[in-house]
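Q: I've got a structure open and I'd like to learn how to read it feature by feature. Can you walk me through it?

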Amino acid sequence: MTIQINGNGTVTGISVGGLPDGIVDTDMIAANAVLAAKLATTATSLAFMGVQASAQSIASGSWIVATGLTSHSVSSNTGTSWDTTNAKFTVASGQEGVYIVWGSTRITSMHRWEYANVGFQINGATPTHYSTVQSPYAGGNTNNVNTFVDSFCIKNLSVGDTVEMGIYHDHGSALDTDPVNTAFGGYKIPLF
């Protein structure tokens with residue numbers, strides 16, 4: 001088919017891919033003309049989150065993965081990447097990229113001056129990034145205080161990488177999480 005310039009300002013006869021590379025630039029694309037379905041997967045935002053449905057016993061002196069994040073769960077990603085029961089996010093094909101991950105917990109009945117940590121276990125490894133909070137002095141003879149700790153970081157994740165939230169404290173015996181304040185989530189930063 002020959003290329004024809006019509007009297008109404010339209011051009012016919014150009015096949016798909018018929019324009020030279022680089023001829024269409026951002027100035028030629030109308031505002032809001034590109035739909036989400038046409039964006040590259042690297043520009044797609046993915047998110048996951050869950051809140052603990054019930055208290056979890058956390059042993060003292062070692063990193064324990066928070067589990068049971070089945071309450072208020074959010075999953076906007078590929079397939080079954082977000083496992084709320086085991087609280088593990090697995091990067092699926094097409095989901096690799098830069099993520100912001102965050103987590104929080106409240107440990108009940110800690111003694112004053114003890115430490116609680118929240119960190120992120122990438123592929124099951126001990127957290128290299130975590131936040132630490134020392135339980136406050138409650139005054140008087142009160143030993144038991146509730147300690148809240150939260151953390152966030154930015155991670156570059158590849159296909160197959162797993163992310164879990166770890167909790168650590170040094171109380172000396174197991175303590176429970178407060179499920180209302182124990183949550184873990186993250187989202188992929190869209191890069192255009």
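**Around one phenylalanine**

A: Let's start with phenylalanine 120, which touches Val101, Trp102, Gly103, Pro127, Thr128, His129, Ser151, Phe152, Cys153, Glu164 and Phe184, leaving aside residues up to four places away in sequence. Bear in mind that this is a predicted model.

Q: Where does phenylalanine 120 sit, and is it buried or exposed?

A: Phenylalanine 120 is in strand β10. Its relative accessibility is 2%, so it counts as buried, the cut-off being under 20%. As for long-range neighbours, tryptophan 63 is 57 residues away in sequence, yet the two C-alpha atoms are 10.0 Å apart in space.

Q: What does the whole chain look like in terms of helices and strands?

A: There are 0 helices and 15 strands. Of the 192 residues in the chain, 33% are buried. Among contacts with a separation of 6 or more, 69% are between residues 24 or more positions apart. The exposed surface comes to about 10800 Å², with carbon and sulfur atoms supplying 54% of it.

Q: How do I read the two faces of a strand?

A: In a regular strand, side chains alternate between the two faces of the sheet. Take β12, residues 144-157: Val145, Thr147, Val149, Ser151, Cys153, Lys155 and Leu157 are on the covered face. The uncovered face has Asn144, Asn146, Phe148, Asp150, Phe152, Ile154 and Asn156.

Q: Which way does β9 pair with β12, and over how many bridges?

A: Strand β9 (residues 97-111) and β12 are antiparallel, with 13 bridges. One of the residue-level matches is threonine 105, whose bridge partner in β12 is valine 149.

Q: What does serine 151 touch on that covered face?

A: Serine 151 belongs to β12 and counts as buried at 4% relative accessibility. Beyond four places in sequence, serine 151 touches Val101, Trp102, Gly103, Val118, Phe120, His129, Tyr130 and Ser131. With serine 131 there's also a side-chain to side-chain polar contact, at 3.0 Å.

Q: How should I describe a pair of aromatic rings?

A: Use the distance of the centres and the angle of the planes. The whole structure has 8 aromatic pairs. Phenylalanine 48 and tryptophan 82 make a tilted one, 4.9 Å centre to centre with 45 degrees between the planes. Since phenylalanine 48 is in strand β3 (residues 47-51) and tryptophan 82 in strand β7 (residues 82-83), the pair ties together parts 34 residues apart in sequence. Phenylalanine 48 is buried at a relative accessible area of 3%, and tryptophan 82 is buried at 8%.

Q: What are the values for phenylalanine 89 and tyrosine 99?

A: That pair is tilted too: 5.6 Å between centres and 55 degrees between the planes. Phenylalanine 89 lies in strand β8 (residues 88-90) and tyrosine 99 in β9, so this pair joins parts 10 residues apart in sequence. Both phenylalanine 89 and tyrosine 99 are buried.

Q: Which residues form the aromatic cluster?

A: Phe48, Trp82, Phe89, Tyr99, Phe120 and Phe184 form one cluster. That brings us back to our starting residue, Phe120.

Q: And how do I read a nonpolar core?

A: In soluble globular proteins, nonpolar side chains tend to be buried together. Here the largest nonpolar core has 25 residues, and Trp82, Tyr99, Val101 and Phe184 touch the most other members. Strands β9, β10 (115-122), β12 and β13 (162-169) each supply at least two residues of this core.

Notes. Residues numbered from 1 in each chain as written. Predicted model: local features only at pLDDT ≥ 70, side-chain atom pairs only at ≥ 80, totals over all residues. Heavy atoms only, no water. Buried < 20%, exposed > 50% of the residue type's maximum accessible area, 1.4 Å probe, protein only. Helix = DSSP H or I, 4+ residues; strand = E, 2+ residues; numbered from the N terminus. Pairing = 2+ DSSP bridges. Phe/Tyr/Trp six-rings, centres within 6.5 Å; stacked < 30°, edge-to-face > 60°. Core = buried A, V, L, I, M, F, W, Y, C linked by side-chain atoms within 4.5 Å. Contact = heavy atoms within 4.5 Å. Areas by Shrake-Rupley, 256 points an atom, 1.4 Å probe, with all protein chains shown as cover. Polar contact = N/O pair within 3.5 Å; in protein donor to acceptor, adjacent residues only side chain to side chain.
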